[in-house]
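Student: I would like to learn how to read salt bridges in a structure. Please show me the case.

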Amino acid sequence: MASMTPLEDAMRDKASFSIAHAFTPSTLIIRNDSHKHAHHAAMEGSTSKETHFHVTIVSDSFEKKMQPARHRMVYALFKEEMAREGGLHALQLKTKTPAEEQREKEKEKA
């Protein structure tokens, strides 16, 4: 039986190998938000129902790198999915170092 979420499955497979190898993340979350955007005008006529994803990565690999550089690192891993016809339309990223994540948690407690 064919998967109902082939793009999400491919992204999770890539996360298991490419992201894990490239970033050795302490946190990796992939969320398919496509259902929130299906009604948008830009999605009319789209050949895919899987278009919008949110990815959170916490990794020491982001140390001393600004957000644009971090995002380019992640986009490079998903370039095939973004270039594919009917593929990834939007990729929302949250990229942090473990220290940044810890500071966020401490602020939430305060």
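Student: Which side chains meet in a salt bridge at 2.9 Å, N to O, with Asp33 as one partner?

Tutor: Start with the general idea: side chains of opposite charge can pair when their charged atoms come close. This is a predicted model. In it, the side chains of Arg31 and Asp33 form such a pair, with 2.9 Å from N to O.

Student: Are Arg31 and Asp33 buried or exposed?

Tutor: Use the cut-off: a residue is buried under 20% relative accessible area and partly exposed from there up to 50%. Arg31 has 37% relative accessibility, so it counts as partly exposed. Asp33 has 7%, so it counts as buried.

Student: How many salt bridges are there by this rule?

Tutor: There are three. One of them joins Arg70 and Glu100, whose closest N and O atoms are 2.9 Å apart. Arg70 belongs to helix α2 (residues 67–77) and Glu100 to helix α4 (residues 98–109), so this pair ties together parts that are 30 residues apart in sequence. Arg70 is buried at 4% relative accessibility, while Glu100 is partly exposed at 22%.

Student: What does Lys96 pair with?

Tutor: Lys96 meets the side chain of Glu104 in a salt bridge, at 3.1 Å from N to O. Lys96 is buried, with a relative accessible area of 9%, and Glu104 is partly exposed at 34%.

Student: Where do the helices fall in the order of elements?

Tutor: The chain has four helices and three strands. From the N terminus they run α-β-β-α-α-β-α.

Definitions and conventions. Residues numbered from 1 in each chain as written. Predicted model: local features only at pLDDT ≥ 70, side-chain atom pairs only at ≥ 80, totals over all residues. Heavy atoms only, no water. Helix = DSSP H or I, 4+ residues; strand = E, 2+ residues; numbered from the N terminus. Salt bridge = Lys/Arg side-chain N within 4 Å of Asp/Glu carboxyl O. Buried < 20%, exposed > 50% of the residue type's maximum accessible area, 1.4 Å probe, protein only.
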